Amino acid sequence: PAPPELLQAVDQLKAYSLRYEVAMKLVLDKLDYISQEYELRYGYALIDSKQSRIKSPESIVGKLRRKNLPLTFQAVFNNLHDIAGIRLIVRFLSDIKIVEDLLATQADIKVLKVKDYVHHPKHNGYQSLHLILGVPVYTVDGPNIIEVELQIRTIAMNFWASLEHELNYKKNVPHQVALQQSLTKKAQLITELDQEMDDIKTRMYDQTPPDKRP
Ligand code: 0O2
């Protein structure tokens, strides 16, 4: 049977999940607005797609165990920053920074933490920009800052990350370690492709006459 402290933590989380939902919705609405306005002004789609989720209780318990943390609500609230998570997929490398800068100008949300796995990929080759956003939610107890994790990555980075995630979670994959090593090597190709596609984007949307371009 589940330990009592775990059952209590799950109950508290349920009470809090509404706050996470509201905070996540606020960020999703802002992203929609930014995306639509950007397209109207520049004729260019900044956001390819987005996904969002509230982390499931099983996944929360799994993460607490992996991190050797107690199974309490306080441990969740203080140490897990991705209870509410949004994944934003953009087409081009330079769009990641454009979205980051546009979010930084929003007075009501704060960027609490940045993990830049784009300029500093993980050892396995994972690339993505992770922002922990502090979002004000006006609850019956008064204002509360709720964290929302925003992952921003290109279509190519997402292709790599989804396959890598699948490979790690799938059981009984033959030659799993060799495949992981192979994926790590392929991450370099993702970097090169993203850079080359970004060069094309610059030329497509560059207003400088062709004879004046570098
Ligand atoms: P899921 O199932 O996606 O929710 P901390 O160590 O506490 O500072 P945290 O949250 O452990 O922070 O680590 P980090 O680096 O911010 O990563 C959080 C999420 O990023 C992960 O969530 C994954 O979604 C994604 N991620 C991080 N590293 C990798 C990677 O190497 N490969 C892939 N495919 N995704 C990665 P969860 O909770 O691990 O999983």
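This is a short talk on a sheet, a helix and a ligand site in one protein model.

Okay, hi everyone. One thing before we start: what you see above is a predicted model.

Let's begin with the sheet. How many strands does the open sheet have? Five, and they sit in the order β1-β2-β5-β4-β3, with mixed pairing. If mixed pairing is new to you, strands of a sheet pair through backbone hydrogen bonds, and they do that either parallel or antiparallel. Now, which strands are at the edges? Those are β1, residues 47–54, and β3, residues 110–116, and each of them pairs on one side only. Neighbouring strands in this sheet are also turned against each other, by 25° on average if you ignore direction.

Let's walk in from the β3 edge. β3 pairs with β4, which covers residues 129–139, in the antiparallel sense, and six bridges hold that pairing. If you want to find it on screen, look for Lys110, which stands opposite Gly134 in β4. Another pair to click on is Lys115, whose bridge partner in β4 is His130. Keep His130 in mind, please, we'll meet it again.

Next step along: β4 and β5. These two run antiparallel as well, and eleven bridges join them. They form a hairpin, with two residues between the strands. For a landmark here, take Leu131, which has Leu150 in β5 as its bridge partner.

Right, on to the helix I like, α6. It runs over residues 176–205, so to speak a ruler you can check: 30 residues, and 42 Å from the first C-alpha to the last. At 1.5 Å a residue you'd expect 44 Å, and the model comes close to that. Which residues of α6 are buried? Ala187, Ile190 and Asp194. And what do the buried residues of α6 pack against? They pack against α4 (93–104), β5 (142–154) and α5. So β5 turns up again, this time with a helix against it.

Last stop, the ligand. There are 13 residues around it, and the ones that come nearest are Tyr126, His130, Ala161, Glu164 and His165. There's His130 again, the partner of Lys115 from a minute ago. Two elements give two or more residues to this shell, namely α2 (57–66) and α5 (155–169). Which one gives the largest share? That's α5, with three residues. As for the character of the shell, it divides into six charged residues, five polar and two nonpolar.

That's my tour, thanks for listening!

Methods:
Residues are numbered from 1 along each chain as its sequence is written. This is a predicted model: local features need pLDDT of at least 70, side-chain atom pairs count only at pLDDT 80 or more; totals for chains, interfaces and linings use all residues. Two strands pair if DSSP finds at least two bridges between them. Helices (H or I, at least four residues) and strands (E, at least two) are DSSP runs, numbered from the N terminus. Axes are lines fitted to C-alpha atoms, for helices over the stretch in contact, and angles run from 0 to 180 degrees between N-to-C directions. A residue is near a molecule or strand if its C-beta atom, placed from the backbone, lies within 6 Å of it. Ala, Val, Leu, Ile, Met, Phe, Trp, Tyr, Cys and Pro count as nonpolar, Asp, Glu, Lys and Arg as charged, and the others, Gly among them, as polar. The expected span of a helix is 1.5 Å times one less than its number of residues. A residue is buried if 20 or more other C-beta atoms lie within 10 Å of its own, exposed if 12 or fewer, and partly exposed in between; C-beta atoms are placed from the backbone. Two residues are in contact if their C-beta atoms, placed from the backbone, lie within 7 Å.
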